[in-house]
Each structure stands twice: as C-alpha cells, then as structure tokens.
Amino acid sequence: FTILGLESSCDDTGAAVVRGVPGAATILSSVVEGQNSLHEAFGGVVPEIAARAHAERIDVVAEHALAKAGVRLTEIDAIAVTAGPGLIGGVMSGVMCAKGIAAGAGLPLVGVNHLAGHALTSRLTDGIGYPYLTLLVSGGHCQFILVRGCDRFDRLGGTIDDAPGEAFDKTARLLALPQPGGPSVEAEAARGDPARFRFPRPLLDREGCDMSFSGLKTAVLRMRDTVMEGNRLTARDRADLCAGFQAAAVDVLAEKTRRALALYLDDAPGDPVLSVAGGVAANRAVRAGLETVCDTLGVRFTAPPLSLCTDNGAMIAYAGLERFAAGRQDAMDLAARPRWPLDAGRAGMLGSGK
Ligand code: ATP
Ligand code: FE
C-alpha cells in the first residue's frame, strides 16, 4: 500500500508518503512545517493562528510530500489524516484537506487517532510485533499503553495532571528560555548540576504507574523565586534549575516505567519490547533513563529517531496504512474530534468508519 498522511493537530503541518505493509513499511517522504515563528511572540501556541496557518499550508505541504516521494496521486491507495485529538481548528483543516483530495481523486479516506500515530511509530521504524508496551510522552499526554493491535490499546496508567512536555514548556517560560521548552531545557540541563536543587519525585510513594508533573513546574517557580530574591538569575542558576527539573522528570518516568513493565511482563511475549513515543521521547536523558530500566529487566528498548518523536505526517500515514490494510476506512462524514482517548475501545477507534 502507498498512503499519503496528513497531520495538523497542533503546531506542525505535516505530510508524508509511506509505502509497505503492516510491520514492514518505509517512508518515501516526510515534510514538516513548524509554526514556531508565528507563535513565538505569544509564549505558546495560539489555536486561531495555528488553524489558519494549517489551512493555508496543508495542501502545499501535501503536494511537496508527493513531489519529494516522486509519487503521483494516482499511485496513492488511501489518504490518512489525523481526526483528533488536538486543537480542533487545526484538525478540521487537515480533515477538510484530506476529504478534498479523497473526493477529487476518488480515493479512500482513513481517519487516524493522533495518539495511535505516536504509539505505532516504532512499528514503522523498527517493525516490532504486537503486543508491546509504549510510553507515550508528549506535549499533551503521558500514558503507558499496551499496544495489542492497530486499534487495540489498553491504558495501564498515566499522568493525573500535566503532561511532561507541558512541564518542560512551562519551565522554559519561567526561566525565559525559548519555546518549545523541551529542547531548550534539555540544552541548559546538559551544563547544569542536577543535585543543587532538590526537586520532588511526585507519586513515587504510591503504587501503580500513575504519574504527576504539575508539582515539578511549581517547584521550578518556587526555587527560581528563592534564588532570584533581589538578584538576577545567572546562567548557572538557570542551568542548575533545568538539570534538577529534568532529573526529577526522568526519575519519575523511569521508576513508573519499571512498574508498568512489571505489569506487562506478566503475560508478555517471548521478546518483550518497550517503545517510547511523543515529543518528550526526543529527550536524550529520558531515553537513557528508560533504556537503563529496560536493560536491568531484559526488555528490548526502542525509540524512534528524533524527527519522528515530535508530530509528523509519517506516523499518521503509517497508522492509516495499518488501518487501511485491516479494511478500515471512513466515510466523508468523518468528524474532527478535539478529544479522543486511545483506550475508548474498538468502538472509539472505529470512528464513523465501517
Ligand atoms: P500530543 O501528541 O499529546 O497531542 P503534541 O502533539 O503537542 O501533543 P508532540 O509534538 O508530540 O506534542 O511533542 C511536543 C512536546 O514535546 C512539547 O511539549 C516539547 O517541549 C516536547 N519536547 C520536544 N523535544 C523535547 C526534548 N528534547 N526534551 C523534552 N521535551 C521535548
Ligand atoms: Fe503529538
């Protein structure tokens, strides 16, 4: 199958062409157009501006992806598109564009859950088999998901408040570092002392694999204000705060991963695998922390290349490929959904499709 995938649920306009079969597909092209410069002045993503930019650019980005892949629309088998969850204006821009192309070219339409796109990325990059455990850790989500099939997801636990990506972004804002906060906090942390500030490790005393990250950003605020009293924040202070924050986030993720793995290993296959997905999976300290846990438990660890951790069209094209191969398509009344939990069961994943 050759699938064109579109992504526009947040602040990246993505399109990609993916070819192959479930578990063995390759990316022919993947184009991502970020919107950082548009949102910079506002200190965060402005939904209205994002929607407009997606609407203006998505068809151009899609054409670019086709051209880069050297594939004509007539060679495409289906159009996959993020149908949620996300900022509704952006999701609608993508869904409208996909419907337009599908109608115009007489092609099947496949609605994809954005989180399924993240969760299935390691099948695209590494061809890992079902079932596997994924830690989906991004700007809006943080959850352990047992992936049993392209539309069979069991949630084992997750954050009870903020997502780690949000905490990274908030930390960057508090320390006057550029957005998105993840990469800037990671860069600062690399030259900081993680032991100077004592950050909490929320919920580690509680059983299970639920997590909490809102306390970490509050801790950043409190410690920043303590250091700043009467003074300016020095480069060293900033780096140490970032290092302390990141170390705490990594500790929590690693320890909870150890517990989620214990649950999964109860009836895991012969070759247990943990994959990590989502924007925060691009963080090297996070990857290293998870890898260490996997090593001690004899579990294979896989993480997508950095460019496939953050939002992109390739993961949507691939998730669409799996759904299409399983005979799932959507009708032209496919809805854009601001909220769409992954574990809503099969009915939830099937959307309006057949
Ligand atoms: P969701 O997928 O939950 O809907 P999203 O699509 O906005 O949210 P992604 O694009 O998957 O999120 O990830 C973006 C988030 O990842 C941002 O919060 C960003 O700060 C974070 N991030 C990106 N790179 C890094 C990094 N190196 N370290 C930590 N966080 C990072
Ligand atoms: Fe995402």
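Leaving aside its neighbours within four places in sequence, which residues is V18 in contact with? The list runs I3, G5, A25, I27, L28, A314, A317, Y318 and L321. So V18 meets residues numbered below 30 and residues numbered above 310, with a contact cut-off of 7 Å between C-beta atoms.

This is a predicted model. The mean pLDDT of the protein is 93, and 97% of its residues reach 70 or more. One stretch falls short: over residues 345-354 the pLDDT is below 50. That stretch still has 22 contacts in the model beyond near neighbours in sequence. Where pLDDT is low, predicted coordinates should not be read in detail. For the complex, the predictor gives an ipTM of 0.98 and a pTM of 0.93.

Now the interior. V18 belongs to the largest nonpolar core, a set of 114 residues. Together with I79 and A317, V18 touches the most other members. A317 is also among the contacts of V18. Helix α8, residues 235-265, gives this core its largest share, 14 residues.

Next, the annotated domain. An unreviewed UniProt entry assigns "domain: Gcp-like" to residues 26-318. Over that range the chain is 49% helix and 17% strand. The C-alpha atoms at the two ends of the range are 9 Å apart.

Turn to ligand 1. There are 24 residues around this ligand, and G139, G140, G165, G182 and G279 come nearest. Three elements give two or more residues to the shell: α4 (114-126), α5 (164-174) and α6 (181-189). Helix α6 supplies the largest share, four residues. By class, the shell holds 15 polar, six nonpolar and three charged residues.

The UniProt record speaks to binding as well. Its unreviewed entry places a "binding site" at L136, V137, S138, G139, G140, D169, G182, E186 and N283. G139, G140 and G182 from that record are also among the residues that come nearest to ligand 1.

Two of the annotated positions show contrasting settings. G140 is found in the loop between β6 (132-137) and β7 (142-149). G140 has 18 other C-beta atoms within 10 Å, so this residue is partly exposed. D169 is found in helix α5. D169 counts as buried because 25 C-beta neighbours lie inside 10 Å. Away from its neighbours within four places in sequence, D169 is in contact with Q179, P180 and G181.

Those contacts lead to a backbone feature. A cis peptide bond joins Q179 and P180, with omega about -5°. P180 sits in the loop between α5 and α6. A176 has its place in that loop too. Phi of A176 is near 55°, a positive value in a residue other than glycine. A176 has 10 other C-beta atoms within 10 Å and is therefore exposed.

Two further backbone features lie elsewhere. Y130 and P131 are joined by a cis peptide bond, with omega about -10°. P131 is found in the loop between α4 and β6. L203 has a positive phi of about 65° although it is not a glycine. L203 is found in the loop between α6 and α7 (214-228). With 20 C-beta neighbours inside 10 Å, L203 counts as buried.

A second set of annotated positions remains. For "binding site", the unreviewed UniProt entry also lists H114, H118 and D311. Why do these residues gather at one spot, although they span 198 residues in sequence? No two of their C-alpha atoms are more than 8.8 Å apart, so they come together in the model.

The two histidines share helix α4. H114 is buried, with 28 other C-beta atoms within 10 Å. H118 is buried as well, with 31. Their contacts, leaving aside neighbours within four places in sequence, can be followed one by one. H114 is in contact with S9, T82, G84, P85 and G86. H118 is in contact with L136, S138, A277, G278 and M315. L136 and S138 also appear in the other "binding site" annotation. Through these contacts, H118 links the two sets of annotated positions.

Notes. Residues are numbered from 1 along each chain as its sequence is written. Chains are lettered from A and ligands numbered from 1 in the order in which they are written. This is a predicted model: local features need pLDDT of at least 70, side-chain atom pairs count only at pLDDT 80 or more; totals for chains, interfaces and linings use all residues. A residue is near a molecule or strand if its C-beta atom, placed from the backbone, lies within 6 Å of it. Ala, Val, Leu, Ile, Met, Phe, Trp, Tyr, Cys and Pro count as nonpolar, Asp, Glu, Lys and Arg as charged, and the others, Gly among them, as polar. A nonpolar core is a set of buried Ala, Val, Leu, Ile, Met, Phe, Trp, Tyr and Cys residues joined through C-beta atoms within 7 Å. A residue is buried if 20 or more other C-beta atoms lie within 10 Å of its own, exposed if 12 or fewer, and partly exposed in between; C-beta atoms are placed from the backbone. UniProt positions are given in the numbering used here, feature names are shortened, and annotations may be inferred rather than shown by experiment. pLDDT is the predictor's confidence in each residue, from 0 to 100.
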